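Let's walk through this one contact by contact, starting from a single pair of side chains and working outwards. Have the viewer open as you read.

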2 protein chains.
Amino acid sequence: MVSEEEKRQKIRLIEEKLKEKDCKLTPQRKATLDVLIENESKHLSTEDIYQLVKDKYPDIGLATIYRTLQLFDNFDIVKKLNFNDGCYRYELSEDHRHQHHHLICLTCGNVYEFDDDLLDQLEDRIESNNDFQVKDHMVKFFGYCKDCKEDDNEKEP
Amino acid sequence: MVSEEEKRQKIRLIEEKLKEKDCKLTPQRKATLDVLIENESKHLSTEDIYQLVKDKYPDIGLATIYRTLQLFDNFDIVKKLNFNDGCYRYELSEDHRHQHHHLICLTCGNVYEFDDDLLDQLEDRIESNNDFQVKDHMVKFFGYCKDCKEDDNEKEP
DNA sequence: AGTATATTGCAAATAATATTCATTGTCAAG
DNA sequence: CTTGACAATGAATATTATTTGCAATATACT
């Protein structure tokens, strides 16, 4: 969790970013942003976000949520995630150099996060080997989480 | 490209895999598989596949394509890819230990492939650090390809 | 051949997302 | 202030990819 001050700072930066391209941080967008900040690492779906924003701004329309998330995605304010569960999910973008990745359990569907900087080496290698300038990456691992591994063992003996 | 003999061998193995679970390699499924084999590394969408299979089997229905791809995905015969362009794309699964990954150009949208085994180290690290048993991974890199990098340079000077 | 079961094609249903359009809010210039 | 330009919004509607129900068909096994 982040402090109130960090949060305000974050919002200020985002507002600047938007203003540079003549976009406004309207109350609806602010409310959406607040929800995203208050639910870091929750991987909310569009519908989740809609429901949560409605608490703060009851008159908001679903279309606005879609448009806002699209805008935030274009501005790299959020990351659009796809866990193949039928909808997109969103999380706040982090600094490029400490991006986290996702571990998706094939049994229970839970999504865990982990950090690693090994990918940076890989990026460098791609830049030189493939003549491709890497700006970002997205990594997902599929497998079995602690709990589901254990459940599996229970069946065996 | 693979030889005809390798191709037949591949199909035979897949047929075995299906039979074990009482599924059949019907003519429709065979036609779909052929299309996938003949278009390796093309990242075909469902619609692409539908159009191509129709050449071989004109009466096939779109729903069958969807069901077949779902089946193939469950059997790990194909990989379901998502390049955030509004549809899923498919490619034949490869051996786990030499999986390739995708470089997606943010400008032209082209998808390039590259191979690397650095990910295996990362998997090992995850297994020990996170108590998560990794079965598969999916890695995408976003950036600018050779051509689009050059175009960019033309604007600068 | 006969039966059980998987599979198919079609049409209709769904679900997520996008778009149209009339209305509203914002803000700088007069 | 008021006006004008234009971005942003909500509601309803459209669109798109995908899924499902179902009756008809194909297939494998006896």
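Start with A:D136 and A:K79, which form a salt bridge whose closest N and O atoms are 2.5 Å apart; the term means a side-chain nitrogen of Lys or Arg within 4 Å of a carboxyl oxygen of Asp or Glu. Before going on, some housekeeping: this is a predicted model, where local features need pLDDT of at least 70, side-chain atom pairs count only at pLDDT 80 or more, and totals for chains, interfaces and linings use all residues. Residues are numbered from 1 along each chain as its sequence is written, chains are lettered from A and ligands numbered from 1 in the order in which they are written, and side-chain values use heavy atoms, with hydrogens and water left out.

Now zoom out to the domains of chain A. Domain 1 covers 1-95 and domain 2 covers 97-157, with bounds that come from an automatic or database domain assignment. Their centres, taken over C-alpha atoms, are 24 Å apart. Each domain of chain A puts eleven residues into the contact, where contact means heavy atoms within 4.5 Å. Between them they bury about 1000 Å², and carbon and sulfur atoms give 52% of that; buried area here is the accessible area (1.4 Å probe) that two parts lose on being put together, summed over both. The count between these two domains is one salt bridge. There are also six residue pairs in polar contact, both at pLDDT 80 or more. A polar contact is a pair of N or O atoms within 3.5 Å; within protein, one must be able to donate a hydrogen and the other to accept it, and residues adjacent in sequence count only if both atoms are side-chain atoms. On the domain 1 side, strand β2 (residues 78-82) of chain A gives the most, with four residues. Helices (H or I, at least four residues) and strands (E, at least two) are DSSP runs, numbered from the N terminus.

Next, the two chains against each other. Chain B and chain A contribute 37 residues each to their contact and bury about 3400 Å² between them, 64% of it on carbon and sulfur atoms. In chain B, the residues that lose the most area to chain A are B:L118, B:F132 and B:F141, together 19% of what that side buries. The rule finds two salt bridges across this interface, and B:K149 forms one with A:D131, the closest N and O atoms being 2.9 Å apart. Twelve residue pairs are in polar contact here, both at pLDDT 80 or more. On the chain B side, β6(B) supplies the largest share, 13 residues.

That leaves DNA strand C. Which residues come nearest to it? Of the 20 around the strand, they are A:Y66, B:T26, B:R29, B:T64 and B:R67, near meaning that a heavy atom of the residue lies within 4 Å of the strand. Sugar and phosphate make up 80% of the strand's atoms that come within 4 Å of the protein. Polar backbone atoms of B:D59 and B:G61 each sit 3.2 Å from a phosphate oxygen of DNA strand C. A:R67 goes for a base instead: a side-chain N or O atom is 3.4 Å from a base oxygen. The largest share of this surface, four residues, comes from α4(A).
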